[in-house]
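Grab your viewer and work through these exercises with the coordinates open. Each one sets a task and then walks through a solution.

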Amino acid sequence: PSIIQLPEHLTKRNIRPLVAYLREPGIEEGTRNCEKLRNPGVNDPIFPLIPGIIHGSDPTQNIVSVDASSKIMVKTPWFEIQRELDRYHYGINGAFE
């Protein structure tokens with residue numbers, strides 16, 4: 001059983017929770033730093049994290065999608081993404097929409 005309980009109308013549409021963490025601005029940005037997230041060292045206590053960006057508009061806050069404030073930098077544990085790939089290994093176009 002999942003700890004995160006979604007409303008029934010989302011569960012009926014097969015929408016499942018996906019855990020992600022905020023990236024640290026200035027530290028976990030750029031190609032080299034993101035490579036370290038994806039491939040931690042053998043003695044590193046963390047698991048692989050996949051960097052990404054969640055973006056969109058929020059008209060209630062006067063945020064439009066072209067503003068920098070509409071982009072949230074996140075990192076998602078690889079096992080979360082692998083779980084979805086195992087379940088839906090075909091039909092994924094490289095973006096989770």
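## Exercise 1: Lay out the sheet

Task: work out the strand order of the open sheet and find which strands stand at the edges.

Solution. Step one: the three strands form an open sheet in the order β1-β3-β2, and their pairing is antiparallel. Step two: β1 (21-22) and β2 each have a single partner strand, so they stand at the edges and one side of each lacks a neighbour in the sheet. Keep in mind that this is a predicted model.

Step three: look at how β1 is attached. Two bridges join β1 to β3, and Tyr21 stands opposite Lys75 in β3. As a reminder, strands of a sheet pair through backbone hydrogen bonds, either parallel or antiparallel.

## Exercise 2: Add the helices

Task: put the sheet into the context of the protein chain, and say how α2 and α3 run relative to the strands.

Solution. Start by counting: the protein chain has three helices and three strands. Reading from the N terminus, the elements go α-β-α-β-β-α. Next, place helix α2 (residues 30-38): it lies across β2 and β3, at about 120° to β2. Then do α3, which also lies across β2 and β3 and runs at about 80° to β3.

For the bigger picture, take contacts between residues at least 6 apart in sequence: 47% of them join residues at least 24 apart. Of the chain's 97 residues, 14% count as buried. The accessible surface comes to about 7,900 Å², and carbon and sulfur atoms hold 58% of that.

## Exercise 3: Find the buried face of α3

Task: which residues of α3 are buried, and why do they line one face of the helix?

Solution. First, list them: in helix α3 (residues 78-87), the buried residues are Glu80, Ile81 and Glu84. Now look down the axis of α3: these buried residues fall within an arc of 95°, so they line one face. The general rule helps here: an α-helix has 3.6 residues a turn, so residues three or four places apart point the same way. Finally, ask what this face meets: the buried residues of α3 pack against β2 (49-55) and β3.

Zoom in on Glu80. With a relative accessible area of 8%, Glu80 falls under the 20% cut-off, so it counts as buried. Leaving aside neighbours within four places in sequence, Glu80 is in contact with Pro17, Leu18 and Val19. A polar atom of the Glu80 side chain lies 3.4 Å from the backbone nitrogen of Val19.

## Exercise 4: Track down a lysine's partner

Task: is Lys75 buried or exposed, and which side chain does it meet in a polar contact?

Solution. Begin with location: Lys75 is found in strand β3 (residues 71-77). Its relative accessible area is 12%, so Lys75 is buried. Its side chain makes a polar contact of 2.8 Å with the side chain of Glu28. Beyond neighbours within four places in sequence, Lys75 has contacts that include Tyr21, Glu28, Leu37 and Pro51.

Now compare notes with Cys34, which lies in helix α2 and is buried at a relative accessible area of 9%. Not counting residues up to four places away in sequence, Cys34 touches Arg23, Glu28 and Pro51. As a last check, take the C-alpha atoms of Cys34 and Pro51: they are 6.3 Å apart in space, while the residues are 17 apart in sequence.

Note on methods. Residues numbered from 1 in each chain as written. Predicted model: local features only at pLDDT ≥ 70, side-chain atom pairs only at ≥ 80, totals over all residues. Heavy atoms only, no water. Helix = DSSP H or I, 4+ residues; strand = E, 2+ residues; numbered from the N terminus. Buried < 20%, exposed > 50% of the residue type's maximum accessible area, 1.4 Å probe, protein only. Polar contact = N/O pair within 3.5 Å; in protein donor to acceptor, adjacent residues only side chain to side chain. Contact = heavy atoms within 4.5 Å. Arc of directions from axis to C-beta. Areas by Shrake-Rupley, 256 points an atom, 1.4 Å probe, with all protein chains shown as cover. Pairing = 2+ DSSP bridges. Axes fitted to C-alpha atoms, helices over the stretch in contact; angles between N-to-C directions.
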